[in-house]
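Here's a quick look at one chain, meant to be read with the structure open beside you. Grab your viewer and follow along.

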Amino acid sequence: RNLTAVGARPLAVTDNMNFGNPEKPEIMGQFAGCIQGMAEACRALDFPVVSGNVSLYNETDGRAILPTPVIGGVGLIDDVANAVSLAFQAEEQSIVLIGETYGHVGMSLYLRVYENAKTGPPPPVDLTAERRNGDFVRALMADGLVCACHDISDGGLLVAVAEMALAGGWGADINMDHLPVDDADTARNMTTVAALFSESNTRFLCEIPPHQAGDFEQLMSTLPCARVGQVVRSPRLVIHAASTDDGNADLMVDVGIDELKEAWQAPLRW
């Protein structure tokens, strides 16, 4: 997803596998399961492992480190002038969310920061959707339809939009009414926290010029995606909740880009 978001064609993987004592069955089970999962993903994504190393016996007083596989990916941009930035480029451009949002907040940044908890299962992986959505985003870029792009990962939608706004210096106005979800039940049952901070896989935010909206609309029928907002001149991040049955929508977030920047940079000055 990181490679796709800048317009690179993913080519290969290198890995670094860090585990405890493999002579213990549970540690060897972690090691084997990790390799099996990585192999399944690499086959589905046509993303071969070409190098790597292994660090074992990482224990202190008999206690092993958490299983820690590290992945490095390499891709190719044929012309660096066509590389796509995460920074918003201009006001009144459409912000499009590609990929479905599920209500997964297990093991999320939100839980770690706000609830001081590391609980629940991480979001499930759908390798078919991962491949499909990544190929779709790169095809949009090849057709010149994308001005900016960012993959949604730690922190979910709210953090991704904030990072794009910070990078570009423009504001954003987001409406949660148009969030692509898998079905109506998900939409009804999804909490505000889940909608904003879910780390569901396979998702990208793209900035699309208004004059190319027609071309994009024709492509949208091929996979889950929707226009969720627009870039605005006012340097603020504004997010409106999904409308209720009476047609009203609460204001969920309204914060200045300068405030976000201060919160982001303050820890570096400690």
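What follows covers confidence, then one helix, then a set of paired strands.

Keep in mind that this is a predicted model. The protein chain comes out at an average pLDDT of 91, and 93% of its residues score at least 70. Confidence bottoms out in helix α6 (residues 184-189), with a mean of 61, and peaks in strand β7 (residues 148-151), at 98. Where pLDDT is low, the predicted coordinates should not be read in detail.

Now for helix α4, which runs over residues 127-142. Its 16 residues reach 22 Å from the first C-alpha to the last, close to the 22 Å expected at 1.5 Å a residue. At the start of α4, D126 puts a side-chain oxygen within 3.2 Å of the backbone nitrogen of T128. Which residues of α4 are buried? They are L127, A129, E130, N133, G134, F136, V137, L140 and M141, so a charged residue, E130, is on that list too. Just after α4, G144 takes a positive phi of about 75°.Next come the strands, with β8 (residues 171-175) as the shared partner of β10 and β11.

| Partner of β8 | Sense | Bridges | Example pair |
|---|---|---|---|
| β10 (residues 225-232) | antiparallel | four | D173 and Q230 |
| β11 (residues 236-240) | parallel | four | A172 and L237 |

In β10, then, look for Q230 as the bridge partner of D173. Over in β11, L237 stands opposite A172. In a regular strand the side chains alternate between the two faces of the sheet.

Methods
Residues are numbered from 1 along each chain as its sequence is written. This is a predicted model: local features need pLDDT of at least 70, side-chain atom pairs count only at pLDDT 80 or more; totals for chains, interfaces and linings use all residues. Side-chain values use heavy atoms; hydrogens and water are left out. Helices (H or I, at least four residues) and strands (E, at least two) are DSSP runs, numbered from the N terminus. The expected span of a helix is 1.5 Å times one less than its number of residues. Buried means under 20% relative accessible area, exposed over 50%, partly exposed in between (1.4 Å probe, protein chains only). A polar contact is a pair of N or O atoms within 3.5 Å; within protein, one must be able to donate a hydrogen and the other to accept it, and residues adjacent in sequence count only if both atoms are side-chain atoms. Two strands pair if DSSP finds at least two bridges between them. pLDDT is the predictor's confidence in each residue, from 0 to 100.
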